[in-house]
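Trainee: I would like a close look at a single part of this model. Please take me through one strand and what surrounds it.

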Amino acid sequence: MVIEDISSILRQEAEAVLNIPVVAEYNEAVTLIVEYVHNRNGKLITSGMGKAGQIASNLATTFSSTGTPAFFLHPSEAQHGDLGIVRDNDIMLLISNSGKTRELIELTRLTLGLAPDMKFIVITSDPDSPLGKEATICLPTGAPKEVCPLGLTPTTSTTVMTVIGDILVVNTMKRINFSNKDYAKRHHGGYLGSKSREQSLKE
């Protein structure tokens, strides 16, 4: 691989991030998360299949460590009993690049059978997709082209999905006034634990 190839990949990924649509729905999504998790004592449930599922799983742990209780629900396992985690005061965050992921579409229908008023925040490249149409709030990725030479492997799409998740996490932290002291209570070990405790002394 030559330097030019590396620079091209970096440029394409950076441009994809900068081209993520900046929409008012971000504020609405954060408002819903705060309302259901922090005001109604519910939880944020994230879900996705494949690479999108890995992002959803990581996002759940990031939310949890920053003051917003969240769990990852595997859409296939949901059909074998794990759907029981769902309660009326929860909210769901679903991630699918195509918006056509069968398991997620089925998950929305099964969830509504258990909690008819469930709100869905959806991250997808296609707001007009089946999953996009199920969304209470849809956050579009901008549908970037994959840097994969085949145009198939989730690469650029997973980058923008991760960034959109970061936007939600950071703005939720700001909305709930999450502090270093709050962080230290949830993160006791390692470098981040010691750093948060040190910073909390200055608050």
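What kind of unit do S3, helix H5 and S4 make?

Mentor: This is a predicted model. S3, H5 and S4 make a right-handed β-α-β unit.

Start with S3 itself. The strand covers residues 91-95 and is mostly covered, with five of its five residues buried. Ile91, Leu93 and Ile95 point one way. Met92 and Leu94 point the other way. In a regular strand, side chains alternate between the two faces of the sheet. Both sets in S3 are buried.

Now the pairing. Strand S1, residues 44-48, runs parallel to S3 and is joined to it by five bridges. Gly48 has Ile95 as its bridge partner in S3. Strand S4, residues 120-124, also pairs with S3 in the parallel sense, over four bridges. There Ile95 stands opposite Ile123 of S4. Ile95 thus appears in both pairings, with Gly48 and with Ile123.

Next, the helix of the unit. H5 runs over residues 102-114. At 1.5 Å a residue, its 13 residues should span 18 Å, and the end C-alpha atoms are 19 Å apart, so the two agree. Its buried residues are Glu103, Leu104, Ile105, Leu107, Thr108 and Thr111. They pack against S1, S3 and S4, and also against helix H4 (75-78) and helix H6 (130-134).

Helix H3, residues 50-65, also meets S3. Its buried residues pack against S3, H2, S1, strand S2 (70-72), H7 and helix H8 (180-186). Those buried residues are Ala52, Gly53, Ile55, Ala56, Leu59, Ala60, Phe63 and Ser65. The length check works here too: 16 residues at 1.5 Å each should span 22 Å, and the ends lie 23 Å apart, which agrees. Just after H3, Gly67 takes a positive phi of about 95°.

Follow the side chains into the cores. The largest nonpolar core has 30 residues. Ile95 is among those with the most contacts inside it, along with Leu44, Phe63, Leu139 and Leu168. At least two residues each come from helix H2 (25-39), H3, S3, S4, strand S5 (137-140) and helix H7 (156-175). H2 gives the most, with eight residues. Apart from this core lies another, of 17 residues. Met92 of S3 belongs to that other core, and so do Leu73, Ala78 and Val86.

Leu139 shows how one core residue is surrounded. Leaving out residues up to four places away in sequence, Leu139 touches Ile121, Val122, Ile123 and Thr124, among others. Its contacts also include Val23, Glu25, Tyr26, Ala29, Ile164 and Leu168. Ile123 is therefore worth placing twice: Ile123 touches Leu139, and Ile123 stands opposite Ile95.Two loop residues complete the view. Asn41 sits in the loop between H2 and S1. Its phi is near 60°, a positive value in a residue other than glycine. Asn41 counts as exposed because its relative accessibility is 65%, over the 50% cut-off. Ala143 lies in the loop between S5 and H7. Its phi is near 50°, again positive in a residue other than glycine. Ala143 is partly exposed, with a relative accessible area of 45%.

Last, the record. An unreviewed UniProt entry lists residues 33-178 as "domain: SIS". Over that range the chain is 45% helix and 15% strand, and the end C-alpha atoms are 14 Å apart.

How values were computed
Residues are numbered from 1 along each chain as its sequence is written. This is a predicted model: local features need pLDDT of at least 70, side-chain atom pairs count only at pLDDT 80 or more; totals for chains, interfaces and linings use all residues. Side-chain values use heavy atoms; hydrogens and water are left out. Buried means under 20% relative accessible area, exposed over 50%, partly exposed in between (1.4 Å probe, protein chains only). Two strands pair if DSSP finds at least two bridges between them. A crossover is right-handed if, with the strands pointing away from the viewer, the path from the first strand over the helix to the second runs clockwise. A nonpolar core is a set of buried Ala, Val, Leu, Ile, Met, Phe, Trp, Tyr and Cys residues joined through side-chain atoms within 4.5 Å. Contact means heavy atoms within 4.5 Å. UniProt positions are given in the numbering used here, feature names are shortened, and annotations may be inferred rather than shown by experiment. The expected span of a helix is 1.5 Å times one less than its number of residues.
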